[in-house]
Amino acid sequence: MPTNKTPSLTIFLTSLGLLWFGSFSGLEATTGKLASIPGVYVFGDSLVDAGNNNYLAISISKANYPRNGVDFPDKKATGRFCNGKNAADAIAEKFGLPLPPPYLSLKVPFKEKERKSAAVTGVNFASGGAGIFNGSDQKLRQSIPLSHQVNNWLDIHKELTIQLGPSEAKRHLSKSLFFVVVGSNDLFDYFGSFKLRQKTNPQQYTQSMADKLKEQLKRVHDTGARRFLILGVAQIGCTPGLRVKNSTMHECDEESNMWCSMYNDALVKMLQQLKQELQSSLTYTYFDNFKSVHDIITKPARYGFANVTSACCGSGNLNADSPCFPVSNLCSDRTKYLFWDRYGHPTEAAARTIVDFMLSDDSQYSSPLTLTQLVSS
């Protein structure tokens, strides 16, 4: 997202999910018994940040103030860029696991017991504003880039190995889920940097994103991780913040969407190559967030939404002239809105819908396995 990416631009588009075993209009939620997994470990940006940025001294990429969290238990603004829970929370709940706590929350004094427990059931390393590259946000200490998140994972991996022993830790990790949601902020950095665009064309840049992500996935794999859920970037050009720039029709920015597609194509090919290199030691699900969000935008009523263009929290045109602040306008029915804020973070309802897409037996969004197949493999 933009360097200024208040809440990590990680635009919804990469959207995600939450709890709910009910059904939506036009979409039956998963009701069958899911295979059990022992832990879920989360890497990425503001779409899945559970509050790591709260612990960064000078970062402004935080969401630990109202109206964020208005629908979270006790109306608590936890640092999630959402009205409630996000996709990482939803997936953990679907599998009967505790919500993965922010890694940095486990580094404060007197948290040894919580740290030991979370090392086994799951930890969230994600950071609003983070990217695959160590971009401008990291230099200004606004976020924790993916490479540093993996460094933090190595710390938790050491803790896990001490607790369980090498053999049991290896078994545990082979059955756990590693959830990766990243890439939007790198694209925003490219959009906003004349210098970057002079140095490399879009094809070269998106390919370098995929190549760098491959390096980090291999680092995690080398520690014993075997099952990965990787989200593609969604339609950044359809977020309220970019729509509002089209002052007449408020249509999507198709150039931005084209670059998202370009990156997703490179990502799919990279994952196929990585699978060939690592053979049977790696299984993964690629979730096509671009298509899933497109389908919700084009047929909102089918999925229970009434507004797929405006932000639920904000001000001005499309509620997208400013970020979500304590004094912002707030939509009365959050279950009917696709977007929470101008940056395109999903509402809790939208996140839940996307997670149900992931767990559906319909493979139109997932390849080469659905998430259900991945955890059963």
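The following paragraphs lead from the protein as a whole to one of its strands, strand 4, and its partners. The structure is a predicted model.

The protein comprises 377 residues, of which 62% are buried. Its secondary structure consists of 13 helices and nine strands. The accessible surface amounts to about 14,800 Å², and carbon and sulfur atoms account for 52% of that surface. A further overall figure concerns contacts between residues at least 6 apart in sequence: 74% of these join residues at least 24 apart.

Strand 4 offers a place to examine the interior more closely. This strand spans residues 283–287, and because five of its five residues are buried, it is largely enclosed by the rest of the structure. In a regular strand, side chains alternate between the two faces of the sheet. In strand 4, Thr283, Thr285 and Phe287 lie on one side, while Tyr284 and Tyr286 lie on the other. Both faces are covered, since a residue counts as buried when its relative accessible area is under 20%, and the residues on both sides are all buried.

Which strands pair with strand 4? One partner is strand 3, formed by residues 227–231, which runs parallel to strand 4 and is joined to it by five bridges. Within this pairing, Leu229 stands opposite Thr285 of strand 4. Another partner is strand 9, residues 366–367, which pairs with strand 4 in the antiparallel sense over two bridges. Here Phe287 of strand 4 stands opposite Ser366 of strand 9. Strand 4 thus has a parallel pairing with strand 3 and an antiparallel pairing with strand 9.

How values were computed. Residues are numbered from 1 along each chain as its sequence is written. This is a predicted model: local features need pLDDT of at least 70, side-chain atom pairs count only at pLDDT 80 or more; totals for chains, interfaces and linings use all residues. Side-chain values use heavy atoms; hydrogens and water are left out. Helices (H or I, at least four residues) and strands (E, at least two) are DSSP runs, numbered from the N terminus. Buried means under 20% relative accessible area, exposed over 50%, partly exposed in between (1.4 Å probe, protein chains only). Contact means heavy atoms within 4.5 Å. Accessible areas come from the Shrake-Rupley method with a 1.4 Å probe; for residues, only the protein chains shown count as cover. Two strands pair if DSSP finds at least two bridges between them.
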